[in-house]
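Visitor: I've got the sequence and the model open side by side. Could you walk me through what is worth a look?

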Amino acid sequence: MDNTAPPYSEARFEEIKKEVTTYIKKVGFNPKTVAFVPISGWHGDNMIEPTEKMPWYKGWTKEGKEGTSGKTLYEALDSIEQPTRLTTKPLRLPLQDVYKIGGIGTVPVGRVETGTLKPGAIICFAPQQLSAECKSVEMHHESLT
């Protein structure tokens, strides 16, 4: 915002907001659930504390489970709602890597996106349709049950 002509221009902010709103709609999100905050990263305006250099900016509001509002980027980031875990869906675990460790066996590594993973579960790997039993589940070298 500090690099526009004139500096901290409301017209430039509205122009960028319109372009981003169009993009957000194209990728399938509702723009009413997004907070638009004019900031200056160089000077720190509207990042943690409201600035007086943009008297035209009255703050942001967004829809969601909790209708929230604020003035700063910090408040906007703090208002992001954590997505719900889809534990009732089938297990989806995209593999990041596979290690073959002597004495232990094959260790697939990934992140559970949906479903649940427990020791003793029979897992089917697609697209090869290979099945295996889950011997243990660990996260950061700690066993989970």
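Guide: Helices here are DSSP runs of H or I with at least four residues, strands are runs of E with at least two, and both are numbered from the N terminus. Keep in mind that this is a predicted model.

Visitor: Okay, so where does Tyr8 lie?

Guide: Tyr8 comes ahead of a numbered element rather than inside one. Its place is the segment before helix 1.

Visitor: Is Tyr8 buried or exposed?

Guide: The cut-off for buried is under 20% relative accessible area. Tyr8 comes in at 12%, so Tyr8 counts as buried.

Visitor: And what is the phi of Tyr8 near?

Guide: Most residues other than glycine have a negative phi. Tyr8 is not a glycine, yet its phi is positive. The value is near 60 degrees.

Visitor: Moving on, which residue caps the N-terminal end of helix 1?

Guide: Helix 1 covers residues 10-26. Look for a side-chain oxygen 3.3 Å from the backbone nitrogen of Ala11. That oxygen belongs to Ser9.

Visitor: How far does helix 1 reach from its first C-alpha to its last?

Guide: Helix 1 has 17 residues, and at 1.5 Å a residue the expected span is 24 Å. The model is close to that, with a reach of 24 Å.

Visitor: Within what arc do the buried residues of helix 1 fall, seen down its axis?

Guide: The buried ones are Phe13, Thr21 and Ile24. Seen down the axis of helix 1, they line one face, because they fall within an arc of 70 degrees.

Visitor: Then which residues are exposed on the other side of helix 1?

Guide: Turn the helix away from its buried residues, Phe13, Thr21 and Ile24. On the other side, the exposed residues are Ala11, Lys18, Glu19, Tyr23 and Lys26.

Visitor: Thr21 is a polar residue on that list of buried ones. Which residue's backbone oxygen lies 2.7 Å from a polar atom of the Thr21 side chain?

Guide: Thr21 lies in helix 1, and its relative accessible area of 17% makes it buried. Leaving aside neighbours within four places in sequence, Thr21 is in contact with Pro31 and Phe36. The backbone oxygen 2.7 Å from its side-chain polar atom is that of Lys17.

Visitor: How many residues make up the largest nonpolar core?

Guide: Two residues from the buried list of helix 1, Phe13 and Ile24, are in that core, and so is Tyr8. Other members include Phe36, Trp56, Trp60 and Ala76. The full count is eleven.

Visitor: Ala76 is one of those core residues; what does Ala76 touch, not counting residues up to four places away in sequence?

Guide: Val37 and Trp60 belong to the largest nonpolar core along with Ala76. Ala76 touches both of these and one further residue. The list is Val37, Trp60 and Ala35.

Visitor: Let's look at the strands. How many bridges join strand 3 to strand 4?

Guide: Strand 3 is residues 95-101 and strand 4 is residues 105-110, and they run antiparallel. One pairing puts Leu95 with Gly110. The number of bridges is six.

Visitor: Which residue takes a positive phi in the hairpin of strand 3 and strand 4?

Guide: There are three residues between the strands in this hairpin. The positive phi is near 85 degrees, and the residue is Gly103.

Visitor: What about strand 5 and strand 6: which residue has a positive phi in their hairpin?

Guide: Four bridges join these antiparallel strands, and Cys124 stands opposite Ser131. The hairpin has four residues between the strands. With phi near 60 degrees, the residue is Gln129.

Visitor: Which two residues does a cis peptide bond join?

Guide: Most peptide bonds are trans. Here, look at the loop between strand 5 and strand 6, where Pro127 has its place. Omega is about 0 degrees at the bond between Ala126 and Pro127.

Visitor: Last one: what is the relative accessibility of His141?

Guide: His141 is in the loop between strand 7 and strand 8, and it has a positive phi of about 65 degrees although it is not a glycine. The cut-off for exposed is over 50%. His141 counts as exposed because its relative accessibility is 79%.

Key. Residues numbered from 1 in each chain as written. Predicted model: local features only at pLDDT ≥ 70, side-chain atom pairs only at ≥ 80, totals over all residues. Heavy atoms only, no water. Expected span 1.5 Å × (residues − 1). Buried < 20%, exposed > 50% of the residue type's maximum accessible area, 1.4 Å probe, protein only. Arc of directions from axis to C-beta. Polar contact = N/O pair within 3.5 Å; in protein donor to acceptor, adjacent residues only side chain to side chain. Pairing = 2+ DSSP bridges. Contact = heavy atoms within 4.5 Å. Core = buried A, V, L, I, M, F, W, Y, C linked by side-chain atoms within 4.5 Å.
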